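Biologist: Please show me the model. I want to ask how each label is earned.

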Amino acid sequence: MSLAEELRKDSEEICKLLAEATRKRVKDALVKAKAEVDREIVNLEMKEKQAAERKEAGPKRFYVELKEYGWDQSDKFVKIFVTLAGIQNIDESSVVIHFTENSLNLNINNFNGKDHVLVVNNLLHPIDVAKSYRKVKTDMVAIYMKKTLEGQHWPCLTSIEKRLKDQADHELKQSSENPSDALVNIMKKMYNQGDSTTKQMIAKAWTESQEKIAKGGDHNPLESLS
């Protein structure tokens, strides 16, 4: 007999005793005892329900926001490449993508025990949702966004990146400082004035610039916004 069944029988037995009791002190003690038993039953039922819900939902997975990706374009498509080692081994039904005219939302469910998500909003130009798609390749998910206007060159992937680049180019032309110093000051100003998305883009561009410089190259961080 389970603990829950034992507690229910205890509650039934107390009810029988209450029906026969005549002394107030005895009745009060039985009422108190029944309340304690009933409370144990409720707590046990709640724990059993939660355990069943957890079992039905399966093991909890971590959520990973994908922030690193590459992009390229042809006359017909803007292409985004997300590198994930071993992704070709996943059930393709777990790789779900949703497009709007100005955004994409990629969900990769239960890959290496984690859910991966990539969201790109404010695309520079509208895309043809019906003709956009994704492919799962070796160590990569490739996203193909059909240009609404074929042959149109996209200098940046998103309108936010375009605005940042235009603002930086304008301020750089207006600056009388040493170009290197002016660039640093412009990036700092844009970072301090930007929202969280803008700050993330600038920080990423600056980090990539410094990594290339450390390897012996000469790199303008503004190029990473294009």
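Modeller: Start with a sheet. In this predicted model, four strands make an open sheet, ordered E1-E6-E5-E4, with mixed pairing.

Biologist: What makes E1 and E4 the edges of that sheet?

Modeller: Count partners. Strand E1 (62-65) and strand E4 (95-100) each have a single partner strand, so one side of each lacks a neighbour in the sheet. From one strand to the next, the twist averages 15°.

Biologist: How do you know that E5 and E6 pair?

Modeller: Two strands pair if there are at least two bridges between them. Strand E5 (residues 103-111) and strand E6 (residues 114-120) have six bridges, so they count as a pair. Their sense is antiparallel. As one example of who faces whom, Ile 108 is opposite His 116 in E6.

Biologist: Now to another strand. Why is E3 called largely enclosed?

Modeller: Strand E3 covers residues 77-83, and five of its seven residues are buried, so the rest of the structure largely encloses it.

Biologist: Which strands does E3 pair with?

Modeller: Strand E2 (residues 70-73) pairs with E3 over four bridges, in the antiparallel sense. Strand E8 (residues 140-147) is joined to E3 by seven bridges, again antiparallel.

Biologist: Where does Ile 80 fit in?

Modeller: Ile 80 is the bridge partner of Trp 71. Ile 80 also stands opposite Ile 143 in E8. Then there is Phe 81, which faces Ala 142 in E8.

Biologist: What joins E2 to E3?

Modeller: A hairpin does, through three residues.

Biologist: What makes E8 largely enclosed?

Modeller: Seven of the eight residues of E8 are buried, so the rest of the structure largely encloses this strand.

Biologist: How do E7 and E8 pair?

Modeller: They run antiparallel, over seven bridges. They form a hairpin with two residues between them. In that turn, Asp 139 has a positive phi of about 60°.

Biologist: On to the rings. How many aromatic pairs are there?

Modeller: The structure holds three. One of them is Phe 77 with Tyr 133.

Biologist: Why is the pair of Phe 77 and Tyr 133 called edge-to-face?

Modeller: Check the distance, then the angle. The ring centres are 5.9 Å apart, and the limit for a pair is 6.5 Å. The planes stand at 80°, and over 60 counts as edge-to-face, so the label follows.

Biologist: What does that pair tie together?

Modeller: Phe 77 sits in strand E3 and Tyr 133 in strand E7 (residues 127-137), so parts 56 residues apart in sequence are tied together.

Biologist: Is Phe 77 buried or exposed?

Modeller: Its relative accessible area is 18%. Buried means under 20%, so Phe 77 is buried.

Biologist: Why does Tyr 133 get the label "partly exposed"?

Modeller: Tyr 133 has 33% relative accessibility. Partly exposed lies between the 20% and 50% limits, so the label fits Tyr 133.

Biologist: What makes the pair of Tyr 133 and Tyr 144 stacked?

Modeller: Their ring centres are 4.9 Å apart, within the 6.5 Å limit. Their planes are at 15°, and under 30 degrees counts as stacked, so this pair is stacked. The pair links distant parts of the chain, with Tyr 133 in strand E7 and Tyr 144 in strand E8, 11 residues apart. Tyr 133 also stands opposite Tyr 144 in the strand pairing.

Biologist: Is Tyr 144 buried or exposed?

Modeller: Tyr 144 has a relative accessible area of 11%, under the 20% limit, so it is buried. Phe 77, Tyr 133 and Tyr 144 form one aromatic cluster.

Biologist: How many disulfides does a search of the whole structure find?

Modeller: Zero. A disulfide would need two cysteine sulfur atoms within 2.5 Å.

Biologist: What are the labels for Cys 15 and Cys 156?

Modeller: Cys 15 has a relative accessible area of 37%, between the two limits, so it is partly exposed. Cys 156 is at 0%, under 20%, so it is buried.

Biologist: Finally, what is in the protein chain as a whole?

Modeller: It has five helices and eight strands. Along the sequence the pattern is α-α-β-β-β-β-β-β-β-β-α-α-α. Of its 226 residues, 32% count as buried. The chain exposes about 14700 Å², with 49% of that from carbon and sulfur atoms.

Note on methods:
Residues are numbered from 1 along each chain as its sequence is written. This is a predicted model: local features need pLDDT of at least 70, side-chain atom pairs count only at pLDDT 80 or more; totals for chains, interfaces and linings use all residues. Side-chain values use heavy atoms; hydrogens and water are left out. Axes are lines fitted to C-alpha atoms, for helices over the stretch in contact, and angles run from 0 to 180 degrees between N-to-C directions. Buried means under 20% relative accessible area, exposed over 50%, partly exposed in between (1.4 Å probe, protein chains only). Rings of Phe, Tyr and Trp (its six-membered ring) pair if their centres lie within 6.5 Å; planes under 30 degrees apart count as stacked, over 60 as edge-to-face and the rest as tilted. Accessible areas come from the Shrake-Rupley method with a 1.4 Å probe; for residues, only the protein chains shown count as cover.
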